[in-house]
Amino acid sequence: GNEQRTITMTRSRILATLVALLALAGTASARIQVEPVERDGRDLIPIAMDFGFEQGGSIEISIKHPVHLFTVEGADPVDKTRYGFFITASKADTALENDIAKGGCLLDDLDHTLVLFTFEDMQSHLSKDGDEYKFSYTIAEGKAGEYSLYYTKCVPNSAVSFTITVDLYNTLPNGDKDYLSAGEKPLPTMYMFAFFTFAAAGVVWAWVLFNAKQTQPGSVKRIHWLMLLLVCVKSLSVLSKSFMYHVIRVHGDPDGWNVAFYIFSAAKGLMFFTIVVLIGTGWSFLKPFLNEREKQMLMLVIPLQVFANIAADIVDADGPALAGWLEWRDLFHLLDIVCCCAILFPIVWSIKHLREAAMTDGKKVRNMNKLILFRQFYVMVVAYIYFTRIIVFLLKSTAAYNLTWLADFASEAATLAFYLTTGYMFRPVVDNPYLHLNEDELDLEEIEMRVEEGRSL
């Protein structure tokens, strides 16, 4: 009754949230960015962040005219040379903020900024129709690197409204545009390779399951089929990501492939964390049910984790000109890490239960074997979370501008290693110590829980 209604309502909320996020995803990931800025009084607005330019790469900017300036009533006429755009080497955010805090103007001749144009330049170089200003800048020889584009103003108590379109691209040997950042060039091929690797792993796992079903009846549990489904969804996730990067390379826009990726990524995230929690609680292996505490953990952490993952992907790919963009991005990444840590609790609970069971008479050796296996699984999950959430982030932040793809490679390699190791540890074989728990080994509380659930059916 009430429990079923709660589950239905939670599912509806999750679905509504995912639909809203996917609606936002329609414009994400584009390298031809259209950024509307509305009556914004910030001194510094990021327009395009962290794009790796090779020699000959270009920035093309188009701004619709008129640009609206707002000042306080009775103020002096606006000096349009104090509003403008500049590029700077990425990771210079702190230096920029320090310059502003000291009262400096980022449009002055500074070591770490290259001013592209000011509003005064725009006024004198409009198109023939007078409704657009166009500007292009090509990366000179010896200046290749990762750059970010900013708008800044050096006039206090003023705001601005404008719509800017930015094209960021490198140039292929045949002269065509390549909209991928220098560090993203290998990604279409890398993710296609990842697809074939995960698909092959899925085929092998399916063969293991069908073979075990024939030769060892009863050894294949429901969790094993969920693991197979996860590998299939993961394969589709990396395949759609490969197509997404390929289409961005050619057209500068993902053309819907980002939506496909977010759908498969959401399904993969949901299934991955569900499976880790279910293995951690011993569901399907140790017992055919979850207790109330474990159900609450599933219903809280897993939808939150999926939401944080998709939202972080969209915020990362969407325009940084939005107020609070950096804060939201960091918040979603932090929420993802918190959810990852929370899924460790069911494993800890199971370790505690097995440790207590191992101290009692009876099946001591068998319980000790399961305890050792659970500890190994706990260490493996901790290592995976630490590597994919922290080490990969640090690798992406510190790698050379043309080697940022190594972070994606490391993440996929770690995921593959985690899948293979988990599959091997909990494979459906008769001598697997994880699969040896009989009903008489369930503690009294769990037996009572099962009786209560049987009555409520």
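How many of the 457 residues of the protein count as buried? The share is 46%. Keep in mind as you click around that this is a predicted model.

**Stop 1: the whole chain**

Colour by secondary structure to begin. The protein has 12 helices and 10 strands. Now switch on a contact map if your viewer has one. Taking contacts with a separation of 6 or more, 80% of them are between residues 24 or more positions apart.

**Stop 2: the disulfide**

Select C105 and C154 and show them as sticks. These two form a disulfide, with the sulfur atoms 1.8 Å apart, and the structure holds one disulfide. Which hand does the disulfide have? Dial up the torsion about the S-S bond: the value is about 75°, so this disulfide is right-handed.

Next, trace the backbone out from each sulfur. C105 belongs to the loop between α2 (93–101) and β6 (114–118), while C154 belongs to the loop between β8 (145–153) and β9 (158–171), so the pair ties together parts that are 49 residues apart in sequence.

Put a surface on and compare the two ends. C105 is buried, at 5% relative accessible area. C154 is partly exposed, with 24%; the cut-off for buried is under 20%. While you have cysteines on screen, pick C232 too: this one is partly exposed, with a relative accessible area of 39%.

**Stop 3: the loop between β8 and β9, again**

Stay in the loop that holds C154 and select N157, which is also in the loop between β8 and β9. Check the backbone here. N157 is not a glycine, yet phi is positive, about 55°. Is N157 buried or exposed? With 59% relative accessibility, N157 counts as exposed.

**Stop 4: a cis proline**

Jump to H65 and P66. The peptide bond from H65 to P66 is cis, and omega is near 5°. You'll find P66 in the loop between β3 (58–64) and β4 (68–71).

**Stop 5: α4 against α5**

Time for helices. Hide everything except α4 (residues 187–215) and α5 (residues 222–251). How do the two run relative to each other? Their axes come within 8 Å and cross at roughly 165°. That makes α4 roughly antiparallel to α5, since angles over 145 degrees count that way. Turn the view to look across the pair and you have a left-handed crossing. Colour the contact by residue class: you get 21 nonpolar, five polar and four charged residues.

**Stop 6: bring in α11**

Now add α11 (residues 405–425). Begin with the α5 side, where the axes come within 12 Å and cross at roughly 165°. α5 and α11 are therefore roughly antiparallel, and α5 passes α11 in a left-handed crossing.

For the side chains, select M227, L230, V231, K234, V238 and K241 in α5, which meet D408, E412, T415, Y419, T422 and G423 in α11. By class, this contact has five nonpolar, three polar and four charged residues.

Then rotate to the α4 side. Here the axes of α4 and α11 come within 11 Å, crossing at roughly 5°, and the two helices are therefore roughly parallel. Select L187, M190, Y191, T197, F198, A201 and W205 in α4; their partners in α11 are W405, D408, F409, E412, T415, L416, Y419, L420 and G423. The class split is 11 nonpolar, three polar and two charged.

Leave Y419 highlighted for a moment: this α11 residue is among those meeting α5 and among those meeting α4.

**Stop 7: I275 and the α5 side chains**

Which residues does I275 touch, not counting those up to four places away in sequence? Select I275 in helix α6, then I223, L226, M227 and L230, which are the contacts. Draw a C-alpha to C-alpha distance from I275 to M227: it reads 7.2 Å, although the two are 48 residues apart in sequence. I275 is buried, with a relative accessible area of 6%. M227 and L230 should look familiar, as both are among the α5 residues that meet α11.

**Last stop: between α5 and α6**

Finish at D255, in the loop between α5 and α6 (257–281). Phi is near 55°, a positive value in a residue other than glycine. With the surface back on, D255 counts as exposed, at 60% relative accessibility.

Technical notes
Residues are numbered from 1 along each chain as its sequence is written. This is a predicted model: local features need pLDDT of at least 70, side-chain atom pairs count only at pLDDT 80 or more; totals for chains, interfaces and linings use all residues. Side-chain values use heavy atoms; hydrogens and water are left out. A disulfide is a pair of cysteine sulfur atoms within 2.5 Å. Helices (H or I, at least four residues) and strands (E, at least two) are DSSP runs, numbered from the N terminus. Buried means under 20% relative accessible area, exposed over 50%, partly exposed in between (1.4 Å probe, protein chains only). Axes are lines fitted to C-alpha atoms, for helices over the stretch in contact, and angles run from 0 to 180 degrees between N-to-C directions. Angles under 35 degrees count as roughly parallel, over 145 as roughly antiparallel, 65 to 115 as roughly perpendicular and the rest as oblique. A crossing is left-handed if the near helix is turned anticlockwise from the far one by less than a right angle, and right-handed if clockwise. Contact means heavy atoms within 4.5 Å. Ala, Val, Leu, Ile, Met, Phe, Trp, Tyr, Cys and Pro count as nonpolar, Asp, Glu, Lys and Arg as charged, and the others, Gly among them, as polar.
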